[in-house]
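Today I sat down with one model and looked up how its helices pack and what sits inside. My notes follow.

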Amino acid sequence: MSDRSPTPAPPRGTVRTLARILPFVRPYLGRVVTSLFVYVALVIVSLSVPVVLQWIIDGPLASGDTSQLWPAAGVVLALGVAEGGLIMVRRWLVLTPSTHIEAGMRGSLYAKLQDLPVAFHDRWQSGQLLSRAMGDLGTIRRWLAFGAILLVGNVLVIIIGFGILFVWSWQLGLLFLIASLPMWFVSYRFERRFSIVSRRAQDQQGDLATAVEESVHGIRVLKAFGRGGHSLERFLRQAEELRGTELEKARAIAQLWLWLLLIPDVAFALSLFGGVLLAASGELTVGALIAFFAAAAVLRWPIESIGWLLSMTFETRTAVERLYEVLDEPDLIRDPEHPATIAQPRGRLVFDHVHFRYQDALPGVPDLLDDIVLEIEPGETMALVGLTGSGKTTLTALTTRLYDVSEGAVRLDGVDVRELTREELRARIAMAFEEATLFSASVRENVLLGRPELDLASAEADAVLAEALDIAQADFVAALPQGADTTIGEEGLSLSGGQRQRIALARAVAARPSVLVLDDPLSALDVDTEARVEAGLRRVLADTTALVVAHRPSTVMLADRVALLENGRITDVGRHSELLARNEHYRFVISSLDEDRATEEVTA
Ligand SMILES: Nc1ncnc2c1ncn2[C@@H]1O[C@H](COP(=O)(O)OP(=O)(O)OP(=O)(O)O)[C@@H](O)[C@H]1O
C-alpha cells in the first residue's frame with residue numbers, strides 16, 4: 001500500500017524545519033523563553049555550589065576558622081532550595097503552553113484535512129493522516145515542553161560552565177574542552193544516520209495505523225472470506241518491519257550514548273591527571289582543583305543529555321516535516337476571492353462542455369468525461385444511465401466540486417459553481433451516495449447535518465426531521481430505543497445497509513436543496529420499500545431539480561428524462577420510452593440493468 005504514500009518534501013535544515021512551528025509557538029513565546037532562562041538560572045545555581053565549596057576549602061578549612069562554616073552551609077542550603085523552586089517554576093511555565101500549542105496545531109491540521117479536496121484523500125492513506133494528527137503532534141509537544149528548552153539551555157550551560165572552568169584554570173579548561181571535542185563530530189554523524197531511520201519509523205507507524213484502520217473497517221469482509229489470518233500475517237509483517245527500524249534507531253542511539261558517556265569520562269580523566277600535576281606544582285589550589293571537578297561533574301549531565309536531546313530533536317524535525325507535508329498541500333479547490341451568489345435559486349443545472357480526468361490518469365488516455373453537455377431544468381428529474389465504470393459517479397461529484405472540472409463548467413442557475421463559496425454551493429446542492437456514511441451521533445444529528453442553522457431541539461427541527469424520515473420511509477427510527485435521539489454506532493454499523501441508506505437519503509432531503517444529486521441511494525432496499533421511497537421522493541422531486549444515477553429500471557421510471565452516458569459523452573437525452581425506441585445502446589444498458597435486478601432478486 002505504500003505506493004499510495006505521498007512523496008516526502010525535499011529536505012531542509014533542522015533549524016529551518018523546526019522554525020516552521022514558530023507561528024503556533026508565538027503566542028506562548030514569552031513563557032517558553034522565560035522557562036529557558038529559568039532553566040539556565042537553575043544550572044547556574046547548581047554551578048554556584050562548587051564556587052562555595054572552593055571558598056570553604058581554601059578559606060575557613062585552610063585557615064581553621066570554623067565560625068565561617070555555618071554561613072557557608074546556609075548558602076549551600078539556600079542554593080538547594082532555590083534549585084527546587086526553579087525546577088517547579090520551569091515545569092509550570094512550559095507544561096500549559098505546550099498543550100495549547102499541540103491543540104492549536106491539531107486544530108489547524110484537522111481544518112486543513114476538512115478543506116482539502118477529495119483528490120487529496122484519494123492519494124493519502126487514512127492511517128498516515130491519523131499518525132500525523134496523533135503521534136507526530138505528541139512528539140512535537142514533548143520536544144517543546146522539554147527537549148527544546150533543555151537542548152538550548154544545556155548548550156548555554158555548557159558554554160557558561162566552560163567559561164567558569166577557564167577562569168579557575170585555563171590549562172585544565174582547555175584540556176577538558178579539547179578532550180570533549182570529538183563529541184560534536186559524533187553528534188553530527190548521528191544526525192545524518194538518525195534522521196533517515198527516524199523518518200522511516202514514523203512512516204511505518206503510519207502504514208501500520210492504516211492497516212489497523214482498514215482491517216477494523218473491513219472486518220466483516222475479512223471474516224466473511226476467512227481472510228483474518230492473511231490480514232494478521234500482513235499486519236505482523238509490517239509490525240516486524242517497524243520493529244526492525246525501531247531497533248536500528250535504538251542501535252544508533254546506543255552508539256551515540258556510548259560515545260557521549262565515554263568522551264566526558266576520558267576528558268574527566270585527562271583533566272584530573274593534569275589537575276593533580278598543576279596542584280602538585282602549586283599552580284592551582286586544592287580548593288580550586290576540587291571546585292573544578294565539582295563543576296565539571298555538574299556539567300556532565302548537560303553534556304551527556306545532548307545525545308538524547310539531539311535524537312529527540314531530529315525525531316521532532318521529522319514530525320514537523322510530516323505535519324507540513326499535509327499543511328503545505330496546495331488547496332486546489334478553494335473559494336473564489338470575490339464569490340458570486342445566487343439571488344433567486346431555481347435549480348437549473350447545466351454541464352457546459354465539461355471535460356474531466358483524474359489526477360492519476362495516464363497520459364494519452366482520453367478524458368474520462370469528454371465534452372459533456374447536459375441541461376437539467378428547474379424541478380426536472382434527470383436519470384443518468386450508463387454502463388458500469390462509465391463515469392456516472394464522477395459526473396455527479398463535479399456538481400458540488402468534490403472534484404473540479406478539467407475544462408468547461410458546471411453552472412447552477414447560470415453561475416459557474418467555482419464562482420460560489422463552497423458553503424453556498426453545498427447548501428444549494430445536496431447529495432446522497434450508494435455508500436451511506438453516517439456519523440457516530442444521534443439519528444437527529446445525522447439527518448439534520450445539512451441544516452446547521454436549525455436549533456436541533458426546536459419544533460422546526462422536529463418538523464423537518466419528521467418529514468425527511470417520512471419521505472425516506474425511515475419509519476424504523478421510531479422503533480429505536482430512544483427514537484430519533486438514539487446514537488447510531490460508528491458509521492451506523494448497528495443499522496442495516498438499507499436503513500443506513502434511508503437515513504442518508506433523509507439527510508439529503510432535509511437539507512432542502514434546490515438540486516438533489518442521488519448516486520444510487522436505494523440500492524440496498526427491497527422492491528416494496530424502494531417503491532414507497534420513490535413515491536415519497538416524487539413528492540419532494542416535484543419542485544426540486546434532481547440528478548439521479550440509476551442502476552435499476554425502477555429508478556429510471558422515476559425520472560422525467562434520461563441521459564445516456566457512453567464513452568465519456570452524453571450521447572442521448574430523452575424520455576425513457578423515446579430512448580428505448582430509438583437507441584440501441586440504451587436498450588442494451590437497460591437490459592443489463594434488468595439482468596442485474598433479476599440476479600439481485602434471485603439471490604435476495
Ligand atoms: N478517485 C479516483 N481516482 C482515479 N480514478 C477513479 C477514481 N474514482 C473512479 N475512478 C475511475 O473512473 C472511472 C469511472 O468511475 P465512476 O465511479 O464514475 O463510474 P460509474 O459509472 O459511477 O460506475 P458504477 O456504475 O460502477 O458505479 C472508473 O474507471 C474508475 O476506475
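**Helix pair one.** I began with H8 and H11, which are oblique to each other because their angle falls in none of the other classes (under 35 degrees is roughly parallel, over 145 roughly antiparallel, 65 to 115 roughly perpendicular, and the rest oblique). The axes of H8 (residues 182–217) and H11 (residues 286–327) cross at roughly 45 degrees and come within 9 Å. I noted that axes are lines fitted to C-alpha atoms, for helices over the stretch in contact, with angles from 0 to 180 degrees between N-to-C directions. Helices (H or I, at least four residues) and strands (E, at least two) are DSSP runs, numbered from the N terminus. The H8–H11 crossing is right-handed; that word applies if the near helix is turned clockwise from the far one by less than a right angle, and anticlockwise would be left-handed.

**Ground rules.** This is a predicted model, so I kept in mind that local features need pLDDT of at least 70 and side-chain atom pairs count only at pLDDT 80 or more, while totals for chains, interfaces and linings use all residues. Residues are numbered from 1 along each chain as its sequence is written.

**Who meets whom.** I looked up the H8 side of this contact and found, among them, Phe190, Phe194 and Arg199, with Leu310, Phe314 and Glu315 among those in H11. In contact means that C-beta atoms, placed from the backbone, lie within 7 Å. By class, I get six nonpolar, six polar and five charged residues for H8 with H11. Here Ala, Val, Leu, Ile, Met, Phe, Trp, Tyr, Cys and Pro count as nonpolar, Asp, Glu, Lys and Arg as charged, and the others, Gly among them, as polar.

**Helix pair two.** Next I checked H10 (residues 228–280) against H11: the angle is about 170 degrees and the axes are 10 Å apart. That makes H10 roughly antiparallel to H11. This crossing is right-handed too. The contact of H10 with H11 divides into 16 nonpolar, four polar and two charged residues.

**Leu256.** I then picked one residue of H10, Leu256. Is Leu256 buried or exposed? Leu256 counts as buried, because 23 C-beta neighbours lie inside 10 Å. The cut-offs are 20 or more other C-beta atoms within 10 Å for buried, 12 or fewer for exposed, and in between for partly exposed, with C-beta atoms placed from the backbone. Leaving aside neighbours within four places in sequence, Leu256 touches Val186, Phe190 and Gly307.

**The cores.** The largest nonpolar core has 72 residues, and Leu384, Ala468, Ala506, Ala508 and Val548 touch the most other members. Its largest share, seven residues, comes from H16 (residues 497–510). Apart from it I found another core, of 63 residues, including Tyr39 and Met312. A nonpolar core is a set of buried Ala, Val, Leu, Ile, Met, Phe, Trp, Tyr and Cys residues joined through C-beta atoms within 7 Å.

**Ala468.** I placed Ala468 in H15 (residues 459–471). With 26 C-beta neighbours inside 10 Å, Ala468 is buried. Not counting residues up to four places away, Ala468 touches Val447, Ala506, Val509 and Ala510.

**Odd backbones.** His353 is not a glycine, yet has a positive phi of about 50 degrees. I found His353 in strand E1 (residues 349–356), and His353 is exposed, with 12 other C-beta atoms within 10 Å. Asp413 also has a positive phi, near 45 degrees. Asp413 sits in the loop between strand E4 (407–412) and strand E5 (415–416).

Definitions and conventions. Contact = placed C-beta atoms within 7 Å.
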